[in-house]
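Me: Please give me a close look at one strand and what surrounds it. After that, put the strand into the context of its sheet, its chain and the second copy.

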There are 2 protein chains.
Amino acid sequence: MKEIDPWDVKEVKDYDQLMKSLGVDSFSQYTKKLKNAPIEIRRGLVLGHKDFSKIQESISKKKKFAILTGLMPSGAFHFGHMSVINQVIYYQKLGAEIYLLSADLEAQLVRNIDEQKARKIALEEYLLNYLALGLKKKNLHFYFQLNGPRKFKEYQNLSKLASAKTTFNEVKAIYGDITPQKLISALTQTADILYPQLEGIKTTLTPVGFDQLPHGNFSRDLASRMKFSLPCFTFHKLIPGLQGPTTKMSSSKPESYISFDDSEKEVENKIRKYAFSGGGATLAEHKKHGGNPEIDVSFLWLKYLFEDNDKKLNEIYNNYKSGSLLTGELKEILIEKVNSFLKEHRKKREKAKKELNSIIS
Amino acid sequence: MKEIDPWDVKEVKDYDQLMKSLGVDSFSQYTKKLKNAPIEIRRGLVLGHKDFSKIQESISKKKKFAILTGLMPSGAFHFGHMSVINQVIYYQKLGAEIYLLSADLEAQLVRNIDEQKARKIALEEYLLNYLALGLKKKNLHFYFQLNGPRKFKEYQNLSKLASAKTTFNEVKAIYGDITPQKLISALTQTADILYPQLEGIKTTLTPVGFDQLPHGNFSRDLASRMKFSLPCFTFHKLIPGLQGPTTKMSSSKPESYISFDDSEKEVENKIRKYAFSGGGATLAEHKKHGGNPEIDVSFLWLKYLFEDNDKKLNEIYNNYKSGSLLTGELKEILIEKVNSFLKEHRKKREKAKKELNSIIS
């Protein structure tokens, strides 16, 4: 299980096998049921879940439910972070209360980022972009772990009292190597996940990448032992890094991602230079045998991030597979999409600045 | 070092050797310097210290200092608990700010005592008796760990951020076996010990039994790594339980202690029946060879708790050693002392009830 150490995300190669072995249910039945879902859900990036039927029921019966999600205030906000927030925004539109926290305690403990720097990153890199992407102030409960949510005392005690409900053997079995600060982070994250229940909302969903599965299991086990409702989870594949379909975007490797602050020129350069191609080895070979879109990062980014139109995506898929669309041409399609997205986004971000001030003041 | 596991106090047989091996300095130079000190200090129950010179300086130069002490809200308040509070009251008279906490988080984590029960024990068993013994409301800062002190946020974050400054290997070396809840307790206790510094009082003293030495060392190491001032400690021997000079008073064994709620009859019975005697094996032998006051629990209780008058204590010592004072007679002296103390104390406790209400409301 080292593969899914949540503190050192490695690519996960076989999600089906992983899901089966870890007791995660397939999300496919919900992919169609969810109306007007964002691209991440429609295109199957969200692959697995635990107890999503409770969320489905809350949506269809218009009962109260909450989304609990955290941001890690370290490094730039990039497209690897977009899957979660797009889902959050979607559920907010469906009526969910949104609990959003900046994991500044964890950032300080595990990544050595101090409170002030974490605050700046959380607000200027994350929250501002979230607002620009469509997150609304209404029904949004934002907090810093170090400041705590509204019921700070209950939250803190929950994170500490949870320690009586686990053992080091269990923690080691879930996380592999463990240190005191990782234990504190894990217990605090569990308190974050259960926190909406302290405000009376028993049905909660936390959309996460598969790398967060151990955290999810841990928080569900602790919830059960502390007589809380079991929190629900969805699990999505990570959007690949530029270097290949099984690599990840890493904040410490700027060549692996495109950030929301990258210039048009940087976008061009990064995609042209780094985006892993599934095309033929030579132009002649590509024209003869075609390319493999399934492993082509440019195609995967279009599929999971930028090309919302199914018909257009299919066309690209078929043309690339047949060889009539060349790698360079595919990359130009992606560059155009990314840059027009970012151009629009920069405008929205300017508008969001006022809203940001009203949230934190 | 298993001998001083703070969660399972065993008798410590050789304090001199223990002090040397653990880098604790002898307190003897201060025993005489401290004017009007309580019996615990005058008679050498307080044997060792770390950095007491800072406290001595604060006292003599009338600089601000704080006492930080905790009570464990489990079981009855008995005479084994009196050494600490008598010292605290003494330092309060000398001008110290008193930070007193009820370790209700630890009680819940490690002893499975819920918040409400712990609250009742803390107030009715401990705080009420403390007030009756002479603790004053002025300069007293009382809090429950679960409610936290005034600066609750800083306190909680301190206890969590401290986790980054230690390792499991270190924690294991200090505490032996360790569980998640013991780690949380230890980190929270460190936050308690450092808390007065968050309110600006850099010089602090925590008087503890030798069994708390690992906690003391741990908090000093963490303090140093987190750029806090090193907290000072004094270490006292534990007052023996009735069963013998190297046994302890244990809340779970009523025959080992006398509680502040025991009736006159119970006091008589417990001392007559259980108090370990250092007397001769037979009356004839005792009269011939005398008894050994050093291992006689009745004598030790008179020495460390009830006979304030040095001359009288010496007389008892000599008469017992020579054999002219019999075991039964020695026990009656103790019974009379305990019962007259408790009679007086019960009156004081009635008066203290009003004061208690004004502290907690």
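Reply: The account starts at the strand and works outward.

This is a predicted model, in which local features need pLDDT of at least 70 and side-chain atom pairs count only at pLDDT 80 or more, while totals for chains, interfaces and linings use all residues. Residues are numbered from 1 along each chain as its sequence is written, and chains are lettered from A and ligands numbered from 1 in the order in which they are written.

The strand is β7 of chain B, residues 232–236. Helices (H or I, at least four residues) and strands (E, at least two) are DSSP runs numbered from the N terminus. Five of the five residues of β7(B) are buried, so it is mostly covered. A buried residue has 20 or more other C-beta atoms within 10 Å of its own; 12 or fewer make it exposed, anything in between partly exposed, with C-beta atoms placed from the backbone. Cys232(B), Thr234(B) and His236(B) point one way from the strand, Phe233(B) and Phe235(B) point the other way, and all are buried. In a regular strand the side chains alternate between the two faces of the sheet.

β7(B) has pairing partners in β2(B) and β6(B); two strands pair if DSSP finds at least two bridges between them. With β2(B), residues 46–50, the pairing is antiparallel over four bridges. Phe235(B) is the bridge partner of Gly48(B) there. With β6(B), residues 204–209, the pairing is parallel over five bridges, and Val208(B) stands opposite Phe235(B). Phe235(B) thus appears in the pairing with β2(B) and in the pairing with β6(B).

The parallel pair belongs to a further unit: β6(B), helix α11(B) (residues 213–225) and β7(B) form a right-handed β-α-β unit. Right-handed means that, with the strands pointing away from the viewer, the path from the first strand over the helix to the second runs clockwise.

The whole sheet of chain B is open, has seven strands in the order β1-β2-β7-β6-β3-β4-β5, and is mixed in its pairing. Its edge strands are β1(B) (25–26) and β5(B) (140–144), each pairing on one side only. Next to β6(B) in the order comes β3(B), residues 66–71, which runs parallel to β6(B) and is joined to it by two bridges. Ile67(B) has Leu205(B) as its bridge partner in β6(B).

Chain A has an open seven-stranded sheet with the order β1-β2-β7-β6-β3-β4-β5 and mixed pairing. Its edge strands β1(A) and β5(A) have a single partner strand each, so one side of each is left without a neighbour in the sheet. β1(A) runs antiparallel to β2(A) and is joined to it by two bridges; one partner pair is Asp25(A) with His49(A).

How are the two chains related? Chain B superposes on chain A by a rotation of 180° with 0.0 Å of shift along the axis, at an RMSD of 0.0 Å, using least squares on the C-alpha atoms of residues with pLDDT of at least 70 in both copies. The copies are thus related as by a two-fold rotation axis. In chain B, Gln156(B) has the C-alpha nearest that axis, 3.6 Å from it.

At the interface, 24 residues of chain B are in contact with 24 residues of chain A, contact being C-beta atoms, placed from the backbone, within 7 Å. Elements giving two or more residues on the chain B side are α6(B), α8(B), α9(B) and α10(B), with the largest share, six residues, from α8(B). The chain B side divides into 11 nonpolar, 11 polar and two charged residues. Here Ala, Val, Leu, Ile, Met, Phe, Trp, Tyr, Cys and Pro count as nonpolar, Asp, Glu, Lys and Arg as charged, and the others, Gly among them, as polar. Since 100% of the interface residues of chain B are also interface residues in chain A, the copies meet through the same surface.

Within chain A, the domain assignment, automatic or from a database, gives domain 1 (2–238) and domain 2 (254–352). Their C-alpha centres lie 29 Å apart, and 14 residues of domain 1 are in contact with 13 of domain 2. On the domain 1 side, α3(A) and α7(A) each supply at least two residues, and α7(A) gives the most, with four. That side divides into nine nonpolar, three polar and two charged residues.

Definitions and conventions
Two residues are in contact if their C-beta atoms, placed from the backbone, lie within 7 Å.
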